Amino acid sequence: MAKTAAELKNAYAKKAYDDIRLQVKKGQKEKIRARAESLGMSLQGYINHLIDEDMKEAGQQPE
């Protein structure tokens with residue numbers, strides 16, 4: 001049976017990525033998203049960028 005494009009993407013994501021759930025106080029998500037967009041980034045890209053930069057500062061090169 002053929003899989004839909006969404007099913008294929010989800011299967012790949014499950015195999016290639018780990019999920020981290022992040023909770024912020026009400027209203028913070030939109031403030032963070034606005035900051036990300038002001039930098040030309042997606043919300044996920046912005047969070048990943050911040051993590052990467054912090055890990056570099058700590059001397060732990062992200063993969």
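User: How many residues apart are K56 and E53 in helix α3?
Analyst: A quick note: this is a predicted model, where local features need pLDDT of at least 70, side-chain atom pairs count only at pLDDT 80 or more, and totals for chains, interfaces and linings use all residues. Residues are numbered from 1 along each chain as its sequence is written, and side-chain values use heavy atoms, with hydrogens and water left out. Helices here are DSSP runs (H or I, at least four residues), numbered from the N terminus. Within α3, K56 and E53 sit about one turn of the helix from each other, which is three residues apart.

User: What is the distance between the closest N and O atoms of K56 and E53?
Analyst: Side chains of opposite charge can pair when their charged atoms come close. The rule for a salt bridge is a side-chain nitrogen of Lys or Arg within 4 Å of a carboxyl oxygen of Asp or Glu. K56 and E53 form one, with those atoms 3.6 Å apart.

User: Which residue forms a salt bridge with R33?
Analyst: The partner lies in helix α2 with R33, three residues away, so the two are separated by about one helical turn. R33 itself is partly exposed at 27% relative accessibility (partly exposed falls between buried, under 20% relative accessible area, and exposed, over 50%, using a 1.4 Å probe and protein chains only). The side chains meet at 3.5 Å, N to O, and the partner is E30.

User: What kind of aromatic pair do Y12 and Y17 form?
Analyst: A search of the whole structure turns up one aromatic pair. Rings of Phe, Tyr and Trp (its six-membered ring) pair if their centres lie within 6.5 Å, and planes under 30 degrees apart count as stacked, over 60 as edge-to-face and the rest as tilted. Y12 and Y17 have 6.2 Å centre to centre and 80° between the planes, so the pair is edge-to-face.

User: Is Y17 buried or exposed?
Analyst: Its ring partner Y12 is partly exposed, at 49% relative accessible area. Y17 has 53% relative accessibility, so Y17 counts as exposed.

User: Which helix supplies the largest share of the lining of the largest pocket?
Analyst: A pocket is an open set of points on a 1 Å grid over the protein atoms alone, where a 1.4 Å probe fits, with protein on both sides within 12 Å along at least five of seven lines; lining residues have an atom within 4 Å of a point. Both α2 (28–38) and α3 (43–57) supply at least two lining residues. The largest share, seven residues, comes from α3.
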